[in-house]
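Thanks for coming. I will take one structure and go through it in a few short steps. Please have a look at it first.

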Amino acid sequence: MTQAIVLRSGRFRMEREADWKRLEGLLNRVERGGPRALNDDELIEMPKLYRAALSSLSVARAISLDQALVGYLESLCARAYFFVYGARSRLGQRVAHFFRLDWPMAARRLLPDLLVSAAAMILAAVAAYVLVVNDPDWFVSFVPEDLAGGRTPAASRDYLQSTLFDDGGGEGLSVFATYLFTHNAGVSLLAFAVGFAFGLPSLVLMAYNGCIMGAFLALFAMHGLSVDFTGWLLIHGVTELLAVALAGAAGLHIGRAVAFPGRRTRLDAAAEAGRQAARVMVGVILMLFIAGVLEGVGRQTINSTEIRYSIAAGTGLLWLVYLFWPRRGRAVANG
């Protein structure tokens with residue numbers, strides 16, 4: 001069996017090796033002297049040789065040729081890829097391409113995981129809401145004292161209402177807003193980091209975040225402030241909670257790949273899923289920054305509940321269209 005593979009690899013190499021060596025020679029010159037080391041004909045020839053090498057790699061993998069040959073072709077194709085697709089784009093173009101295609105397409109690929117992540121938060125929020133409404137003592141089980149910041153079942157309605165319509169000069173609201181943002185940012189990064197454990201810790205973190213939301217909503221609802229509280233939360237929460245759910249989806253995506261790798265090894269499956277999830281996480285960080293701006297400025301300076309809901313609806317629509325509206329184009333390959 002081994003001898004047959006060696007013979008087959010030998011014939012395969014003999015038929016195509018001239019093109020590989022030609023590509024390797026051009027790459028060596030480019031790496032030493034840059035693209036100017038090639039003339040116009042050689043620059044035109046490079047993509048053709050790259051595609052031929054990529055085709056050879058695909059065939060070599062499909063017919064299970066020896067690993068040394070496959071490894072050589074993988075290395076050659078990786079080197080050529082960065083010249084063919086990377087050397088011609090400037091940093092600004094790459095950044096623009098990422099935000100125009102790479103990030104939205106990565107988010108759409110994680111849509112099933114996002115639905116599960118969001119469902120975990122919503123179900124946990126509903127459960128916490130019901131528990132706190134029926135027994136306010138549950139509130140302290142869900143919400144840490146530092147995060148509550150005096151907002152407890154023992155607080156008066158007037159005090160709770162004042163925290164929703166602070167004019168921005170109140171130190172308590174600013175501290176609470178900062179703490180809440182820091183908390184959600186930490187949950188997002190942790191949900192992504194622990195996804196390799198079959199995604200289960202990511203689900204737990206989503207549920208934990210949902211419990212906090214449900215407990216707060218129940219607290220304000222018991223004082224007849226649910227509509228005002230929801231508007232106060234959603235002016236930034238649409239962006240921030242979507243970012244948290246996407247981070248949970250990134251963790252679930254990795255966990256699902258580890259649990260169900262298919263024909264790949266678990267390590268290869270996790271690596272491939274991790275590259276996809278990492279793209280989403282770059283966008284999550286940006287979303288958290290935007291949420292921080294909305295939280296630090298808009299939510300504390302806009303005291304109209306109607307305007308708060310309008311801003312929340314507008315940001316929600318913008319994110320849905322931007323991330324999930326189908327568009328033409330091709331994202332950068334995972335490599």
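I start with a pair of helices: H11 and H13 are roughly parallel to each other. The reasoning is short. Their axes cross at roughly 20 degrees, and angles under 35 degrees count as roughly parallel. The same two axes come within 7 Å. In general, two packed helices are described by the angle between their axes and the distance between the axes. As for handedness, the crossing of H11 past H13 is left-handed. For those following along in the sequence, H11 covers residues 226-259, and H13 covers residues 305-324.

I should say that this is a predicted model, and every value I quote is computed from it.

Now the chain as a whole. It has 13 helices and 0 strands, so please do not look for a sheet. Read from the N terminus, each element in the run is α. The chain has 335 residues, and 43% of them count as buried.

Back to H11, for one residue. Is histidine 236 buried or exposed? Its relative accessible area is 1%, and the cut-off for buried is under 20%, so histidine 236 is buried. This histidine lies in H11. What does its side chain have beside it? A polar atom of the histidine 236 side chain lies 2.9 Å from the backbone oxygen of leucine 233.

Next, the aromatic residues. How many aromatic pairs are there? The count comes to 11. One of them joins phenylalanine 98 and phenylalanine 99: the ring centres are 5.1 Å apart and the planes are at 85 degrees. Planes over 60 degrees apart count as edge-to-face, so this pair is edge-to-face. The two residues fall in separate classes of accessibility. Phenylalanine 98 has a relative accessible area of 14% and is buried, whereas phenylalanine 99, at 30%, counts as partly exposed. Ring pairs also link Phe98 and Phe99 into a cluster with Trp103, Trp319 and Tyr322.

Last, the cysteines. How many disulfides does the model have? The count is 0. Two cysteines can be placed by accessibility: cysteine 77 is buried at 4%, and cysteine 211 is buried at 18%. Both values are under 20%, which is why both cysteines get that label.

To recap: a chain of 13 helices and 0 strands, a roughly parallel pair in H11 and H13, a buried histidine 236, 11 aromatic pairs and 0 disulfides. That is what I have.

Conventions
Residues numbered from 1 in each chain as written. Predicted model: local features only at pLDDT ≥ 70, side-chain atom pairs only at ≥ 80, totals over all residues. Heavy atoms only, no water. Phe/Tyr/Trp six-rings, centres within 6.5 Å; stacked < 30°, edge-to-face > 60°. Buried < 20%, exposed > 50% of the residue type's maximum accessible area, 1.4 Å probe, protein only. Helix = DSSP H or I, 4+ residues; strand = E, 2+ residues; numbered from the N terminus. Polar contact = N/O pair within 3.5 Å; in protein donor to acceptor, adjacent residues only side chain to side chain. Disulfide = S-S within 2.5 Å. Axes fitted to C-alpha atoms, helices over the stretch in contact; angles between N-to-C directions. Parallel < 35°, antiparallel > 145°, perpendicular 65-115°, else oblique. Left-handed = near helix turned anticlockwise from the far one by under 90°.
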